[in-house]
Amino acid sequence: MPKTIILSNRLPVQLQINEGEMQAIPSVGGLATGMKSVHQEGESLWIGWSGLTREEIPEALEPRIDQALQEHGCSKVPLTEAEVEGFYFGFSNRTIWPLFHYFLEYSEFELSNWKVYEAVNRKFAEAVLEEASEDDILWVHDYQLMLVPQMVREKRPNLSIVFFLHIPFPSYEIFRTLPWREDILRGLLGADLIGFHTYDYERHFLSSVRRLLGLEVNFNEINLEDRMTKVDSFPMGIDYTKFHEAAQKNAGQKDGEESDLQRRLDAHKASAPDAKFFLSIDRLDYSKGIANRLKAFEYFLQKYPEYKEKVRLIILAVPSRSKVPQYQLLKKEIDELVGRINGELSTVSWTPIWYFYRSLGFENLVDLYTSCDIAWLTPIRDGMNLVAKEYIATRTDKTGVLILSEMAGSANEMHEALLINPNNFEQIADALHQAINMPEEEQKARNTPMQKRLARYNVEKWAQDFMDSLLSHREMDPPYVARRLTVDLTNTMMEKYRKSGNRILFLDYDGTLAGFKNDPQKASPDKELIDMLDALYKQKRTDIFIISGRDKDTLGRWFEGKGYS
Ligand code: ADQ
């Protein structure tokens with residue numbers, strides 16, 4: 001039975017080793033939940049890095065780890081500490097991530113990291129080749145593995161390969177600065193179908209393909225030598241039911257059933273019923289605009305001082321990539337900003353910012369979503385941003401206001417939110433003011449259509465649409481596809497030619513019948529070519545058409561008196 005092989009840098013289970021004991025815990029991130037439906041349905045194998053380096057895994061535990069992963073339908077690609085350093089912390093997170101999020105000044109172009117990226121991509125490709133049968137489907141995920149599609153294609157030309165990019169694809173002007181830009185494009189083009197979150201990312205990718213590789217692009221299809229790659233946008237959804245039902249459960253909790261966090265939030269609400277909670281949740285990443293948000297919060301309180309002691313900003317930042325220097329600097333900057341703003345503005349009964357630097361469990365995440373009046377998300381760039389969608393999904397009574405950066409992919413689908421430019425503090429301060437004062441009726445009118453859309457286009461539908469698009473691409477009428485002339489194909493063509501009753505030959509002139517010349521007038525047909533065309537034309541029931549962009553007079557002169565057109 002054909003299976004789907006999912007390939008991503010990290011697996012949907014996280015391994016932890018405590019005092020020689022191993023635990024496998026399901027991951028909660030967007031990709032893991034997103035692919036769950038594909039992974040659980042039918043035959044599927046998920047291949048990725050376990051999160052532990054070779055040096056961290058005691059030899060004795062290795063078989064138990066493999067078995068635990070197997071129980072979750074997973075298989076690991078073992079990576080050494082040096083490989084993780086160059087491939088993950090190096091090229092992926094110090095070159096591609098900043099560049100694709102338009103942080104050109106943070107991008108490091110290190111040849112040694114590129115080499116490790118290439119080698120590790122090959123390792124992932126080899127892991128796939130060991131497992132893949134001819135009619136399997138390979139689904140590769142994200143910017144860490146952009147070379148894999150072509151590496152697998154070279155060995156398995158007929159395998160169905162799809163790729164999805166979870167981060168933005170930058171404009172050509174940014175992408176062209178990458179020293180290995182052609183390699184990345186060729187790597188991706190090994191896929192039959194390439195998916196992006198938005199039409200803009202798709203457009204940027206196609207523009208780079210056209211300008212850097214000079215390939216022909218028809219609408220969203222790229223003509224390659226022997227096949228075609230389709231490119232399309234598939235905005236990723238969330239597991240709507242999971243968030244909505246968790247919020248319903250949260251609303252129905254009896255006294256004593258709540259979490260500690262929920263009790264604390266309730267107590268604060270009870271002590272100041274008119275106060276508003278602003279919520280922001282992100283990985284601690286410079287692309288998420290956390291520092292800007294803190295400065296904008298300070299600006300808001302200067303512009304509208306009447307809200308001092310009436311609003312509170314809850315910032316939840318999830319530790320991320322803390323080995324990369326930019327992230328360490330960002331952590332320091334945010335710690336200092338929170339300290340300074342709280343130090344300057346706090347009163348005996350009010351701390352303006354509650355700052356959590358940790359990962360929270362799902363229940364606590366829902367506590368925050370359901371308790372906060374305003375979700376305030378200001379990424380400088382974000383492929384999609386699932387937090388915005390999760391917030392709206394948990395608003396079971398349809399109240400709440402979403403303030404969202406127009407630089408997030410999700411802004412394309414969430415027009416009813418208050419959309420802001422994350423660099424425009426004036427606009428942000430006014431949006432916060434508008435959100436605080438927005439009548440409940442208006443909140444409901446804005447949230448109702450967003451909820452409907454999120455429920456309909458959920459993550460399962462996203463995965464299904466992606467797979468359906470691959471199937472329709474595979475079923476495409478083959479005559480429209482350019483094919484490389486292999487020995488097999490030549491023999492088949494000759495056979496069909498011999499047997500055919502009537503034949504029409506369409507022959508391209510420049511570059512096919514005659515080679516390209518610097519001076520086009522010197523490309524007139526020589527005797528050998530004329531003899532060959534005459535010989536073809538003499539065959540019974542055979543018509544010949546010469547196709548050329550040249551003017552009619554020139555061709556008329558060259559082939560004067562010949563029967564072919
Ligand atoms: P991320 O940059 O990680 O993802 P996002 O889309 O917001 O950003 O997804 C984060 C996920 O982690 C959400 O599902 C959220 O619930 C969860 N999460 C956040 N904070 C948490 C916490 N403290 N504890 C537990 N869970 C938490 C990348 C791209 C995005 C793109 C996604 C999916 O950068 O632009 O939307 O992939 O394609």
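A search of the whole structure finds 34 salt bridges. The model is a predicted one. Three of these pairs are set out below.

| Pair | Closest N to O distance | Relative accessible area |
|---|---|---|
| Arg283 and Asp285 | 3.2 Å | Arg283 25%; Asp285 0% |
| Lys303 and Glu426 | 2.5 Å | Lys303 31%; Glu426 36% |
| Arg446 and Glu442 | 2.9 Å | Arg446 22%; Glu442 28% |

Take Arg283 and Asp285. Arg283 is partly exposed. Asp285 is buried, at 0% relative accessible area. Lys303 and Glu426 form a salt bridge, too. Lys303 lies in helix 11 and Glu426 in helix 15 (residues 425-436), so their bridge ties together parts that are 123 residues apart in sequence. Lys303 counts as partly exposed, and Glu426 counts as partly exposed. Arg446 and Glu442 both sit in helix 16 (residues 440-456), four residues apart, which is about one helical turn. Arg446 is partly exposed. Glu442 is partly exposed as well. Salt bridges can also share partners: Glu62, Asp66 and Lys76 are joined into one network that way.

**The chain as a whole**

The chain has 565 residues, and 51% of them count as buried. It holds 20 helices and 19 strands. Its C-alpha trace spans about 100 × 60 × 45 Å along the principal axes. About 26900 Å² of the chain is exposed, and carbon and sulfur atoms supply 50% of that area. Among contacts with a separation of 6 or more, 76% come from residues 24 or more positions apart.

**Strand 12 and its partners**

Strand 12 covers residues 276-283. Six of its eight residues are buried, leaving the strand mostly covered. Strand 12 and strand 13 (residues 311-318) run parallel, joined by eight bridges. In this pairing, Ser280 stands opposite Ile315. Between the two strands the chain passes through helix 11 (residues 290-303), and this β-α-β crossover is right-handed. Strand 12 also runs parallel to strand 15 (residues 374-377), with two bridges between them. Here Leu279 stands opposite Ala375.

**Leu365 in helix 13**

Leu365 belongs to helix 13 (residues 362-371). Is Leu365 buried or exposed? Leu365 is buried, because its relative accessible area is 17% and buried means under 20%. Leaving aside neighbours within four places in sequence, Leu365 is in contact with Ile281, Leu316 and Glu390. Phe243 is 122 residues from Leu365 in sequence, but their C-alpha atoms are 9.8 Å apart.

**Arg395 without a salt bridge**

Arg395 is found in the loop between helix 14 (386-393) and strand 16 (401-405). Arg395 is buried yet has no salt bridge. The nearest side chain of opposite charge is Asp397, 4.8 Å away. A salt bridge needs a nitrogen and a carboxyl oxygen within 4 Å. Not counting residues up to four places away in sequence, Arg395 touches Tyr369, Thr370, Ser371, Cys372, Gly400 and Gln451.

**Helix 5 and its packing**

Which residues of helix 5 (residues 148-155) are buried? They are Val148, Pro149, Met151, Val152 and Arg153. These buried residues pack against two helices, helix 4 (111-131) and helix 7 (181-188). They also pack against strand 1 (4-10), strand 6 (137-141) and strand 7 (160-164).

Terms used
Residues numbered from 1 in each chain as written. Predicted model: local features only at pLDDT ≥ 70, side-chain atom pairs only at ≥ 80, totals over all residues. Heavy atoms only, no water. Buried < 20%, exposed > 50% of the residue type's maximum accessible area, 1.4 Å probe, protein only. Lys, Arg positive; Asp, Glu negative; His and termini not counted. Contact = heavy atoms within 4.5 Å. Pairing = 2+ DSSP bridges. Right-handed = clockwise from strand over helix to strand, strands pointing away. Areas by Shrake-Rupley, 256 points an atom, 1.4 Å probe, with all protein chains shown as cover.
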